[in-house]
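Student: I should like to learn how to read internal spaces and an interface in a structural model. Could we work through one example together?

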2 protein chains.
Amino acid sequence: MLALNTATLGHNLDGYGAGWSPERVIDACAERGLAGIVFWRREIGSRAFAIGNRVRAAGMEVVGLCRTPFLVGPLVPPTREARMDDFRAAVDMAAALGAPVLTLVTGGIEPGTKGPHESQKRLAERVAEGADYAARHEVNLALEPLNPLYGGNRTCLMTVRDALRVCDMVDAPNVGIAVDVYHVWWDTTLAESCAAARGRILGFHLCDWLADTRDMLLDRGMMGDGVADLRAIRAAVKGAGYSGTCEVEIFSAGNWWRRDPDEVLDTMIDRFRTVC
Amino acid sequence: MLALNTATLGHNLDGYGAGWSPERVIDACAERGLAGIVFWRREIGSRAFAIGNRVRAAGMEVVGLCRTPFLVGPLVPPTREARMDDFRAAVDMAAALGAPVLTLVTGGIEPGTKGPHESQKRLAERVAEGADYAARHEVNLALEPLNPLYGGNRTCLMTVRDALRVCDMVDAPNVGIAVDVYHVWWDTTLAESCAAARGRILGFHLCDWLADTRDMLLDRGMMGDGVADLRAIRAAVKGAGYSGTCEVEIFSAGNWWRRDPDEVLDTMIDRFRTVC
């Protein structure tokens, strides 16, 4: 089952993605028989109920919402109150959309500390602070480990193993893990880590790692164009009991975001069938 | 014991490092009581014997030489013969310099394959092809795992654990591992991996990971300016039996390479004393 993460259509920078509205994205996905869509908060505004209902009326599911504020690190909201307000706003929007999963990108290394360990402890405390609120709204939180290249300011979880350790610290039934090819493709212990995460994988994100990656943020590849072993990673995730959608999420300012969204959708469907 | 990797003075790009010759670098390191120097091949030319002797005459050691050609991946020399010729030339230069360690940066994912596993197997075969030649010249080969951000075209070893697995496959007494803070700082299993590598760590490289890293190649930080837990990493390496020098290797086109080399050397010595 295939889902679109709207980032793939360049939603989040002006001048990309041909300016498609959420409604147009929904129609284009439904026409192609996709199973669902993952949105970003900036696209939704105050229309969460309407957009969620439109997705379901078109025969699809809202698979998830991106994302919480950073909870630790140098880019965290300036006060505890601001952080919790924004966290609750993200949960509220997920609930209004009918999205069962809210992605949690953690933020980086806490100022004044060194290495990932202390930040992971603080992260666990802060996820625990918000997990009950999310549970009351029937929203699951998916902690997403990011490629170590983001270890400075965007994440303190660099592997599925790291994310699993924080899940264990939080120990809440609605807190799990998102596995993204871009972030984990290089990890030769991934199959074991996914097995250890059995029952706690809440999302699976597809793209590819381009051998000659040129930008630290916006140069992800279409499935098949890079060096990730997509079949092996998908098998590891499925083997750990994950039965949800495969969600295509490609940040690509230099290539896919410049193309016609219809072409991007057709290509990702074709590649999903042939190389994943 | 502190050593300089000459990359720290911007040796390898025109217009950086104030154009210091190897001799001037040797004198500046000796004046400051450093234990040794690691050179890059491009600096040595045909003067390996003279430069090695000058280092020793100044009371220091040539700690190592950077580096072999890539042995796998898209940037490998075009033929087996060209690869082996360049590999042997690197060994010959290390031997002529009196450098006991030659750093081996592996190259990335083999074209036509996916994921790191197959490339690691081929790497092991190719290291084995060259290990005897290096042994006959009393040169040890240090396999250096690189940060996963280089996993496309520059490395197929993303962790100390990966490097150790390839060492096990090669199973030659002169093949070990280099541990570089920039590449491993994020790894929460590093202490275990280093313990498993006991007796096989041949080099330890210092710098720092800047929280707001802006360039994929040339934005490394001076020790203390980033988020790596330098003391913990050094302790893990020492705990695994490593008793060699701590080698400062900072690629920094935007900052340190633009400064007076005397200032860079003084700063790295001060930071080594205070934050490592």
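Tutor: Let us begin inside the protein, where the largest cavity has a volume of about 80 Å³. The model is predicted, so local features need pLDDT of at least 70 and side-chain atom pairs pLDDT 80 or more, whereas totals for chains, interfaces and linings use all residues. Residues are numbered from 1 along each chain as written, chains are lettered from A in the order written, and side-chain values use heavy atoms, without hydrogens and water.

Student: What counts as a cavity, and how many of 30 Å³ or more does the rule give?

Tutor: On a 1 Å grid over the protein atoms alone, a cavity is a set of points where a 1.4 Å probe fits but cannot get out; lining residues have an atom within 4 Å of a point. Points are joined across faces, edges and corners, and the volume is the space filled by probe spheres set on them. Here the count is 1 cavity of 30 Å³ or more.

Student: Which residues lie closest to the centre of the largest cavity, and which element gives the largest share of its lining?

Tutor: The lining has 14 residues, with B:Val101, B:Thr103, B:Gly203, B:His205 and B:Glu247 closest to the centre. Strands are DSSP runs of E, at least two residues long, and helices are runs of H or I, at least four. β7(B) gives the largest share, 4 residues.

Student: How does a pocket differ in definition, and what is the volume of the largest pocket?

Tutor: A pocket is an open set of points with protein on both sides within 12 Å along at least five of seven lines. The largest pocket holds about 520 Å³, and B:Trp40, B:Arg67, B:Arg154, B:Leu217 and B:Phe251 lie nearest its centre among 23 lining residues. The second largest pocket holds about 420 Å³; of its 21 lining residues, A:Trp40, A:Arg67, A:Arg154, A:Leu217 and A:Phe251 lie nearest the centre.

Student: How much area do chain A and chain B bury between them?

Tutor: The size of an interface is often given as the accessible area lost when the parts come together. Buried area uses a 1.4 Å probe and is summed over both parts. Chain A and chain B bury about 2500 Å², 64% of it on carbon and sulfur atoms. A:Lys114, A:Thr188 and A:Met216 supply 24% of the area that chain A buries there, more than any other three residues.

Student: How many salt bridges does the rule find across this interface?

Tutor: The rule requires a side-chain nitrogen of Lys or Arg within 4 Å of a carboxyl oxygen of Asp or Glu, and it finds 0 across the interface of chain A and chain B.

How values were computed. Buried area = accessible area lost by both parts, 1.4 Å probe.
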